[in-house]
Amino acid sequence: MGGDSEHPARQFAEAWQAATGAVSEWQRKVADATSEALGKLDPALRAAVQAGRAALTGQWRDCRCPCGTAHPDDRGVCDGRAVLTRRLGEVDVSLCAPCAVAQGVAEMPR
Ligand SMILES: [Zn+2]
Ligand SMILES: [Zn+2]
């Protein structure tokens with residue numbers, strides 16, 4: 001039982017660490033981000049981070065998006081599971097990914 005450097009669990013742990021690092025980094029950026037800055041994130045990165053965050057934390061918060069006023073054209077996109085927080089005035093508002101995109105970026109494929 002030795003010299004097993006190709007152990008899958010080890011590779012998984014390394015990938016996991018890389019993923020969590022990316023998530024926290026991304027979340028710091030998002031916390032300060034304007035919708036403009038959020039729009040600059042690569043869509044593939046956003047999707048990866050969202051999936052990773054869901055798997056890592058297992059704890060979804062509720063989306064607090066005022067869909068009817070924030071993005072009236074895309075009211076149906078909300079999936080109710082907040083993956084990020086955006087600061088609106090004095091309060092942090094939890095947003096699900098579709099709502100964040102609908103509010104700030106409007107580049108979601110339909
Ligand atoms: Zn919404
Ligand atoms: Zn939503």
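Here is a short chat about a predicted model of a zinc-binding chain.

Me: Hi! What should I know about this model and its numbering before I start?

Reply: It is a predicted model, where local features need pLDDT of at least 70, side-chain atom pairs count only at pLDDT 80 or more, and totals for chains, interfaces and linings use all residues. Residues are numbered from 1 along each chain as its sequence is written, chains are lettered from A and ligands numbered from 1 in the order in which they are written, and side-chain values use heavy atoms, with hydrogens and water left out.

Me: Thanks. How many helices and strands are there in the chain?

Reply: The chain has five helices and three strands. Helices (H or I, at least four residues) and strands (E, at least two) are DSSP runs, numbered from the N terminus.

Me: And in what order do the elements run from the N terminus?

Reply: They go α-α-α-β-α-β-β-α.

Me: What share of the residues is buried?

Reply: Of the 110 residues in the chain, 28% are buried. Buried means under 20% relative accessible area, exposed means over 50%, and partly exposed is in between (1.4 Å probe, protein chains only).

Me: How much area does the chain expose?

Reply: About 7,200 Å², with carbon and sulfur atoms supplying 53% of it. Accessible areas come from the Shrake-Rupley method with a 1.4 Å probe, and for residues only the protein chains shown count as cover.

Me: Now the metals. Which residues hold the zinc ion (ligand 1)?

Reply: Its protein donors are Cys65 (SG), Cys67 (SG), His71 (NE2) and Cys99 (SG), at 2.1 to 2.3 Å. Donors are N, O and S atoms within 2.8 Å of the metal (3.2 Å for Na, K and Ca), and water is not among the atoms, so sites may look incomplete.

Me: Why is the arrangement around the zinc ion (ligand 1) called tetrahedral?

Reply: Because the four donor atoms subtend angles of 96 to 116°. Four donors count as tetrahedral if all angles lie between 85 and 135 degrees; four count as square planar and six as octahedral if opposite donors are over 155 degrees apart and all others between 65 and 115, and anything else is irregular.

Me: What are the donors of the zinc ion (ligand 2)?

Reply: Cys63 (SG), Cys78 (SG), Cys96 (SG) and Cys99 (SG) lie 2.3 to 2.4 Å from the zinc ion (ligand 2). That site is tetrahedral, with angles of 97 to 115° among its four donor atoms.

Me: How are the donors of each zinc ion spaced in sequence?

Reply: For the zinc ion (ligand 1) the spacing is C-x1-C-x3-H-x27-C. For the zinc ion (ligand 2) it is C-x14-C-x17-C-x2-C.

Me: Cys99 turned up in both lists. How far apart are the two zinc ions?

Reply: They lie 3.9 Å apart, and Cys99 bridges them.

Me: Are these donor residues buried or exposed?

Reply: Cys96 is buried, at 0% relative accessible area, and Cys99 is also buried at 0%. His71 is buried at 4%, Cys65 at 12%, Cys67 at 14% and Cys63 at 15%.

Me: Where does Cys63 sit?

Reply: Cys63 is in the loop between β1 (61-62) and α4 (67-70). Cys63 and Leu95 are 32 residues apart in sequence, with 4.7 Å between their C-alpha atoms. Beyond the neighbours within four places in sequence, the contacts of Cys63 include Cys78, Gly80, Ser94 and Cys96, where contact means heavy atoms within 4.5 Å.

Me: With so many cysteines in the lists, how many disulfides are there?

Reply: The count is zero disulfides, a disulfide being a pair of cysteine sulfur atoms within 2.5 Å.

Me: Switching to strands: how do β2 and β3 run?

Reply: Strand β2 (residues 81-88) and strand β3 (residues 91-96) run antiparallel, joined by six bridges. Two strands pair if DSSP finds at least two bridges between them. Arg86 has Val93 as its bridge partner in β3, and Ala82 stands opposite Cys96.

Me: What happens in the hairpin between them?

Reply: Two residues lie between the strands, and Gly89 takes a positive phi near 65°.

Me: Last one: where is Gly104 found?

Reply: Gly104 is in helix α5 (residues 97-105) and is partly exposed, at 23% relative accessibility.
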